[in-house]
Each structure stands twice: as structure tokens, then as C-alpha cells.
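Take a walk through this structure, one part at a time. Keep the 3D view open as you read.

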Number of protein chains: 2
Amino acid sequence: MNRQIILTSRPTGVAQANNFEIRHADDPILADGQIRVANRFLSVEPAMRGWIADAGNYSAPVGIGEVMRSLAVGEIVESRHPDYAVGTIVTGWFGWQERSAVEVSAVVRRVTEIDLPLSLALGVLGINGVTAHLALTMIGDPQPGETVLVSTAAGAVGSAVGQIATILGCRAVGIAGGPTKTGQCRTMFGYADAVDYKAPDLGGALDRACPTGIDIYFDNTAGAISDTVYPRLALGARVVICGTASIPSWDPWPQGPRIERYLLLKRARAQGFVIFDHQDRYAASVAQLATWVRSGELRYAEDILEGIEECPDALAGLYRGENQGKRVIRL
Amino acid sequence: MNRQIILTSRPTGVAQANNFEIRHADDPILADGQIRVANRFLSVEPAMRGWIADAGNYSAPVGIGEVMRSLAVGEIVESRHPDYAVGTIVTGWFGWQERSAVEVSAVVRRVTEIDLPLSLALGVLGINGVTAHLALTMIGDPQPGETVLVSTAAGAVGSAVGQIATILGCRAVGIAGGPTKTGQCRTMFGYADAVDYKAPDLGGALDRACPTGIDIYFDNTAGAISDTVYPRLALGARVVICGTASIPSWDPWPQGPRIERYLLLKRARAQGFVIFDHQDRYAASVAQLATWVRSGELRYAEDILEGIEECPDALAGLYRGENQGKRVIRL
């Protein structure tokens with residue numbers, strides 16, 4: 001029997017363990033053009049909150065009674081498609097389940113960097129790393145010597161942003177919660193400095209860490225952290241809006257200081273980035289990221305949970321801040 | 001005697017008539033390199049509120065006891081600079097006064113389009129028109145068939161934005177206050193549609209006027225109007241942040257709905273524009289604008305007050321919304 005994690009009710013904020021249940025189901029017979037993937041790792045993403053939310057988002061919400069939408073990496077164990085041979089390692093939209101019977105359109109890519117851990121296809125060589133790389137370069141336009149400030153700096157996306165910014169000659173400064181994560185920023189992810197947003201006087205700490213202002217703000221949080229950052233943007237700054245993790249709910253829509261005036265006074269630019277718009281650049285980005293991983297310039301942290309029964313509480317745990325690194329489930 | 005308008009006290013919001021006084025002063029003897037300009041028209045700009053404010057802005061505030069900063073257009077009547085002959089018409093930073101003794105660095109440009117009214121050098125052929133042209137094209141990146149929404153659509157900048165958008169093949173929609181201004185948008189400035197923000201249900205009116213969403217929002221107001229616009233941005237929208245006229249004061253800093261989420265969901269970009277950054281493009285822009293004015297494709301409205309004694313209340317009047325067109329003072 002195949003075990004699957006089903007969304008059974010829609011949360012108002014972040015989905016909790018009791019919004020899911022484990023279902024046992026027979027493996028369906030494959031139709032022409034389908035493949036069956038035995039998943040090795042399932043992904044847990046902050047963005048899942050949005051995929052579950054019933055409000056306007058950039059993809060249709062996961063339906064009640066459906067397998068939770070997820071990226072996964074695994075091996076093709078059965079194939080009714082001529083281009084996808086049994087034994088191929090693939091990553092794609094296979095859901096929170098042990099085995100997935102899917103159209104090949106669910107495949108994001110074949111995993112060819114088999115010298116590296118498979119789980120990286122869900123993290124630094126997956127949408128986290130590619131998001132970091134493409135959003136930083138396409139929207140941030142980093143120039144050598146510039147100051148790049150990253151929120152959730154020790155997270156799966158943020159830790160890659162900081163390191164890529166450093167590789168590109170920028171001075172990376174991280175914002176993270178608590179001394180463990182800020183320490184990880186400095187020692188593991190090569191940030192020039194790191195600031196603890198849970199400590200008093202974030203503004204003063206940013207002034208000291210970014211004495212010439214912030215040329216690029218890579219924002220994964222929005223909320224109170226961003227409110228402290230915007231007044232400190234440098235002239236001509238770029239703000240990469242990649243996520244809004246600090247906002248627990250958009251219903252009712254939260255208020256905050258108006259940012260138009262900062263954008264005007266600083267001739268700054270703020271732009272949203274969604275990785276799904278950039279499939280055409282994905283493969284080249286993964287190849288670049290893998291090169292940096294192999295050379296040791298791009299390090300990563302993983303938070304590996306064991307067994308599919310960990311899935312239901314894994315997303316809520318991310319929002320409790322309990323992970324240190326990219327969270328994945330090993331099957 | 002030269003008559004000058006002096007800033008005598010600093011307002012907390014928009015400067016009122018009693019923040020200024022008229023001073024009589026002797027014309028100073030010119031130093032080497034200086035010129036004396038007999039001003040024909042003085043400009044009145046919404047941005048003057050910012051030039052007077054003592055808060056962070058994009059230029060140093062006008063000092064108490066100083067002549068009010070202003071663009072003007074006039075004729076050189078005395079010159080101690082070899083490149084600036086008496087009789088030349090120039091526009092530049094000459095202040096609210098009848099005659100200005102200035103360094104030539106105060107000159108923005110020589111006015112060569114002498115077939116057109118001189119006052120246009122302060123409006124459609126001045127920073128208003130150039131701002132409209134450069135901000136729309138450089139930040140808005142208008143493409144044929146796109147919907148361009150303009151706030152303060154009948155104003156000196158907005159009316160040019162709408163017409164230039166139409167010239168470039170876009171569908172221009174204006175937001176203005178009251179039926180007179182929305183009528184002017186439709187009949188004089190060629191907007192495909194115009195919406196009255198003072199009428200009930202601005203959101204519904206925008207939905208009807210922009211049924212496929214808003215590709216470019218040229219924002220001169222911020223505030224409640226923008227709050228209604230952001231949820232209606234189209235995918236990949238561009239927001240040109242040119243002014244914040246609807247916000248009476250930034251102390252205390254006003255709150256509003258957080259816009260990060262709209263920028264993220266719509267992969268939209270918001271960017272501030274300040275004309276003073278783009279001196280290198282100024283002359284070419286004026287030449288293009290003059291061509292459109294001569295062909296009748298670019299129309300303008302002027303609100304001409306007579307006499308320097310009109311200056312002290314002229315700025316407050318702009319914020320009372322009493323002008324219909326670019327406000328200038330004729331001397």
C-alpha cells in the first residue's frame with residue numbers, strides 16, 4: 001500500500017498537523033504517458049502555506065481530500081513513457097506520498113548531479129537555490145562592493161543568497177532569529193555580518209552592520225523586519241520580494257508603514273519574484289549552483305526528518321522556526 | 001527694487017500664504033560668471049511641499065529667510081558669463097522673484113522652442129512633461145495595447161502621461177477628482193476612460209475601466225487611491241512612483257495596506273522616479289515633447305495667475321485642488 005498525506009481541512013493561518021491525515025491507497029495502474037516514481041525525499045517549504053491558502057495566490061489551492069502538493073525526488077520504478085526509463089532519478093511535483101503515478105509534465109528535471117546527495121535537488125539545487133540565484137541576479141542586479149541584506153538569512157533560500165552575493169563580490173549581511181542562526185550565518189554561510197532580529201534595536205544593529213546603506217534587500221519576511229529595513233535603503237536600491245514569511249495571515253490584510261515614499265526618495269525598486277516564471281533558466285542555474293557546491297563555495301544545511309509520518313507537523317514546525325537548514329523528509 | 005517671496009516659517013504640512021512674505025531688495029552687482037534674469041513666469045509645483053519640508057527629502061530644504069526655490073523662465077538682461085548673451089531666454093532655478101542674479105549652473109537649459117508659449121518651459125516642456133515622458137518610458141516600459149492608469153490624471157504631469165501613453169499605443173485610464181477634471185481627461189487629454197476618485201466605489205469603477213487589469217500604474221498620489229489600485233495590478237505590472245500628493249504629512253509616518261504581497265503575487269515592480277537624476281536625457285525629451293505639442297498630439301492646460309503677489313497662496317491652492325492645469329505665475 002502507498003501512504004499519502006491528505007489535506008483534510010483548510011487552516012486559516014499556517015496548516016497544523018491536524019489539518020492532514022495519512023491515507024493508505026493502492027497504487028493505480030499507469031495510463032499511457034505516465035510514470036511511477038518511488039520518492040526518496042519529500043520537500044517542506046514555507047511557500048506551502050500559500051499553496052494551501054484559499055485566498056488569491058500564484059497557484060490554485062490544494063483541494064480538500066487531495067494529496068498535499070510537494071516537490072520530491074525519487075527514482076522511476078515503472079514507466080509508460082518512452083523518454084523516461086526505469087531507474088532514472090527525477091525531481092518534480094510528486095506530492096507528499098511514498099509512490100507517485102504522474103504524467104511526465106510533473107517532472108521538473110532529471111537529476112544528473114548524482115555525485116551529490118539526492119536531497120539537494122529539493123534545496124540548494126532545487127527551487128530554493130534556483131530562486132536565490134535567479135532572484136538575486138535578475139532583480140537584485142548585484143554589483144561588486146554593494147551591501148546585500150538578506151532576511152531569513154540562514155534559511156534554505158537566504159543562506160544561498162548570502163553566499164552567492166559573496167561569490168559575486170558583494171558584502172552580505174544576514175538577518176536571522178537568535179544567536180544560533182546568526183552564528184551559522186557568519187561561520188557557515190560566509191556573511192560579513194549577521195543581525196539578530198529578536199534582539200533589541202534592530203535598526204541600530206542594521207546601521208552598524210550596513211554603514212553605507214543597503215543596496216539590495218533580499219526580502220523573505222516582509223512585516224516588522226522590512227519596516228526597519230526600508231528607511232535604510234541606499235540610493236538606487238533594489239528590493240527583491242521573494243516571500244512574506246513573517247505575515248501570519250493576509251485576511252484581514254495587514255497594515256504597515258507606507259513604502260512608496262522610501263521608494264521615491266531613494267529612487268529604489270521593489271519587485272516580486274516567483275520561480276515558476278523562469279523554467280527556461282532553471283537548468284543553467286542548477287548547473288552553476290552544482291559547480292559552486294562542488295568547489296565548496298556554496299554550502300548548505302539540511303534538516304532531515306525520517307519517515308512520512310513526520311509530514312503533517314513539518315510545515316507548522318518551519319513556522320515555529322525549529323529547523324536549521326532546508327527541511328526535507330527522508331522516506 | 002526687486003520683489004522676492006521669502007519663506008519666513010516652516011509649515012508642518014503644506015505651506016500656506018502666511019509662511020511667506022514679499023520682500024523688496026536691491027539688485028546685487030553681478031560677480032564674474034553670473035547672469036541676471038528677468039523672470040517672465042514662475043512655477044508652482046506640488047513638489048514644493050517637499051522642498052520646504054524639514055524632513056528627509058531628495059534635496060536640502062529651503063532655508064528660513066531664503067527666496068522660495070522655484071523654476072522660472074525669463075530673459076537674460078545682464079551677463080558676466082561669455083557663453084550667456086543678453087537677450088537669451090533661459091529656464092532654471094531662479095526662485096520666486098522678479099529678477100534673479102545667479103551662477104550659470106542655475107540654468108537648466110536655453111529655451112529654443114520660441115515658436116511656443118514661454119510658460120511651457122515650466123510645464124509640458126519643463127520638468128512636468130519631461131518627468132511624464134521619462135518616468136513613463138524608463139520605468140513603465142509601455143507596450144502597445146497595455147492599460148496605463150494615471151493618478152492626478154488631469155494634472156501637469158498626469159495629463160502628459162496619459163497622452164504620451166496613448167501616443168505609444170497604450171490604453172490610458174485617468175483618475176481625477178470630480179466631474180470637471182474627469183471630463184477634461186476624456187475630452188482634452190484623450191484618455192480612453194476616466195474615473196472620479198471622489199465618487200463612491202472607486203474599486204468598482206476601476207474594475208469597469210480596466211477590465212484586464214492595470215499593466216502600468218503611474219502614481220502621483222499614493223494613499224487611498226493607490227490602496228485601491230494595487231489589488232488590481234495585472235501580472236508583470238509596473239508601478240511608477242512619481243509623487244505622493246495625497247499624503248498630507250510623513251510625520252508621523254502613515255500606515256497603509258502592505259503592498260509587498262501584491263508585488264509578489266503579480267510579479268510586479270514598483271520604482272521611484274526623480275527627474276533630477278536624468279539631466280542627460282532632458283534635452284532630447286524636451287525636443288520630443290515639443291514635436292508632439294506642435295503636431296497637436298500633446299495638449300496642455302495652464303492655470304496662469306497674474307503677479308508675484310499671487311505666489312504665497314499659490315502652493316496651498318494647488319493642494320486645495322483649485323487649479324485646472326499647470327499653475328504658473330506671470331510677471
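A residue is called exposed if 12 or fewer other C-beta atoms lie within 10 Å of its own, and buried if 20 or more do. The model is predicted.

Start with helix 8 of chain B, residues 282–295. On one side of this helix, V286(B), L289(B) and V293(B) are buried. Seen down the axis of helix 8 of chain B, the buried residues fall within an arc of 65°, so they line one face of the helix. They pack against helix 2 (127–140) of chain B. On the other side of helix 8 of chain B, A284(B), A287(B), T291(B), R294(B) and S295(B) are exposed.

Now check the length of helix 8 of chain B. It has 14 residues, and at 1.5 Å a residue these should span 20 Å. The end C-alpha atoms are 20 Å apart, which agrees. After helix 8 of chain B comes G296(B). The phi of G296(B) is positive, near 85°.

Turn next to the sheet. It is open, has 12 strands and shows mixed pairing. Its order is 10(A)-9(A)-8(A)-11(A)-12(A)-14(A)-14(B)-12(B)-11(B)-8(B)-9(B)-10(B). Strand 10 (193–196) of chain A and strand 10 (193–196) of chain B stand at the edges. Each has a single partner strand, so one side of each is left without a neighbour in the sheet. From one strand to the next, the twist averages 15°.

Helices lie on this sheet too. Helix 4 (residues 179–187) of chain A packs on it, touching strand 9 (171–176) and strand 10 of chain A. The direction of helix 4 of chain A makes about 170° with that of strand 10 of chain A. In chain B, helix 5 (residues 202–209) lies across strand 9 and strand 10. Helix 5 of chain B runs at about 175° to strand 10 of chain B.

Look closer at one strand pair. Strand 8 (residues 147–151) and strand 9 (residues 171–176) of chain B run parallel, joined by 5 bridges. There, V148(B) has A172(B) as its bridge partner.

Where do strands of chain A and chain B pair? Strand 14 (residues 269–272) of chain A pairs with strand 14 of chain B, in the antiparallel sense, over 3 bridges. R269(A) stands opposite Q271(B).

Finally, take the contact between the chains as a whole. In it, 30 residues of chain B are in contact with 30 residues of chain A. On the chain B side, the largest share, 5 residues, comes from helix 7 of chain B. By class, that side has 15 nonpolar, 8 polar and 7 charged residues.

Key
Residues numbered from 1 in each chain as written. Chains lettered and ligands numbered in written order. Predicted model: local features only at pLDDT ≥ 70, side-chain atom pairs only at ≥ 80, totals over all residues. Contact = placed C-beta atoms within 7 Å. Helix = DSSP H or I, 4+ residues; strand = E, 2+ residues; numbered from the N terminus. Nonpolar A, V, L, I, M, F, W, Y, C, P; charged D, E, K, R; others polar. Pairing = 2+ DSSP bridges. Expected span 1.5 Å × (residues − 1). Arc of directions from axis to C-beta. Axes fitted to C-alpha atoms, helices over the stretch in contact; angles between N-to-C directions.
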